[in-house]
Amino acid sequence: MSRLWIPGGRGMLGTRLAVDAAASHDVVVTDRDTDITDRAAVAAFLDAHHPECIAMCAAWTAVDQAEQEPDAAFAANATGPRVVAEEAARRGIRMVHVSTDYVFDGLADRPLTEEDPVGPVSVYGRSKLAGERAVIEQGGLVVRTSWLYAATHKNFVLTMLRLMAEREQLRVVGDQRGRPTSVATLSSALLKLIDVGAAGVVHVADDAGPRGISWHDFAVAIREGAIARALPMKTTAIEAIATSDYPTPAARPAWSVFDTAKYTRLTGEALPPWQERLHEVLDVLVRPHPPAPSP
Ligand SMILES: NC(=O)c1ccc[n+]([C@@H]2O[C@H](COP(=O)([O-])OP(=O)(O)OC[C@H]3O[C@@H](n4cnc5c(N)ncnc54)[C@H](OP(=O)(O)O)[C@@H]3O)[C@@H](O)[C@H]2O)c1
């Protein structure tokens, strides 16, 4: 079994990838304990563990906070990937790095391919783009994804479910469009792309058609799925609002709909419909917990 190092392995994606990869790889997980911006620590880790491949899940993902703390965002999202990519290349280790739709300006109106021009409109987006470039320079693979969520960690689905249990009315942005992506999809896609030896940039997202969906559409589907599973629900109305009605420190791209044809070409596999993945996550949330072991 080849050894796979997952920096950021206790984050939302890393946690899932570590589980999925264990079937085919000897997985080594680190998180804050091995700081990706510390070259000596990264080099020492690589020399002690000799991974054949690295799946970089470590990142600064606090999009709004990045506007106030650009140095910290750039350290984790630009310096960290550069350090890991350079140390990996020096040792002949393959690297796959995860990036984001925030590298685009959001002004397009057709699905975004890997060749479309980038133009980030936030500190987070600029920091992620710098990280992408560092990894590509060293011959690595960059997998961009959008609207990532899971049954664990902080994400849109869990935030909506919490708010829906508390409030009768919700207001959700209806003029930003994209493709939600379950960590199950991304984790499986990363392993397939490693398998086929992909390099360069590849887009991965759940299938939401050529116009994607809005955050409002996503919230409506979450509510319907939650009601069908008898999850706690107070919300009776979800109003679609404009981005300008919900100001945030960081600007969001209005259009994040990825073209994922390259992924399908490389792997021979289609990406699953977003509704199917959402239902899987909601099912996990209603599954009864196993009984505690008796004392
Ligand atoms: N979440 C989304 O909606 C989304 C959308 C598109 C793309 N992405 C990309 O997908 C990837 C995975 O995202 P995610 O949501 O799984 O992120 P996450 O849950 O925030 O996990 C990132 C992990 O990296 C750790 N980390 C941060 N700085 C580090 C450092 N210097 N050294 C070592 N570890 C460090 C974090 O620790 P702390 O928690 O202590 O900071 C955290 O455990 C990221 O590249 C992100 O940019 C995410």
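1. Let me start with Val143. Leaving aside residues up to four places away in sequence, Val143 touches Val96, Val98, Ser99, Ala189, Leu190, Leu193, Val202 and Val204 (contact means C-beta atoms, placed from the backbone, within 7 Å). Val143 sits in strand β5, residues 141-145; helices (H or I, at least four residues) and strands (E, at least two) are DSSP runs, numbered from the N terminus. Val143 counts as buried because 22 other C-beta atoms lie within 10 Å (the cut-offs are 20 or more for buried, 12 or fewer for exposed, and partly exposed in between, with C-beta atoms placed from the backbone).

2. A word on what we're looking at. This is a predicted model, where local features need pLDDT of at least 70 and side-chain atom pairs count only at pLDDT 80 or more, while totals for chains, interfaces and linings use all residues. Residues are numbered from 1 along each chain as its sequence is written.

3. Now the sheet around Val143's strand. It is an open one of 6 strands in the order β2-β1-β3-β4-β5-β10, with parallel pairing (strands pair if DSSP finds at least two bridges between them). At the edges are β2 (25-30) and β10 (200-203), each pairing on one side only. Direction ignored, neighbouring strands are turned by 20° against each other on average (axes are lines fitted to C-alpha atoms, for helices over the stretch in contact; angles run from 0 to 180 degrees between N-to-C directions).

4. Zooming in, β4 and β5 pair in the parallel sense over 5 bridges, and Val96 stands opposite Leu141 in β5. Helix α1 packs on the sheet, touching β1 (2-7), β2, β3 (53-56) and β4, with its direction at about 155° to that of β2. Helix α5 (residues 123-137) lies across β4, β5 and β10, running at about 160° to β4.

5. What about the ligand? Of the 27 residues around the ligand, Gly8, Gly11, Met12, Leu13 and Ala59 come nearest (near means a C-beta atom, placed from the backbone, within 6 Å). Elements giving two or more residues to this shell are α1 (12-21), α4 (70-90) and β4 (94-100). The largest share, 3 residues, comes from α1.

6. Overall, the protein has 10 helices and 12 strands. Buried residues make up 47% of its 295 residues. Among contacts between residues at least 6 apart in sequence, 80% join residues at least 24 apart. The C-alpha atoms fill a box of roughly 55 × 55 × 40 Å along the principal axes.

Note on methods
Two residues are in contact if their C-beta atoms, placed from the backbone, lie within 7 Å.
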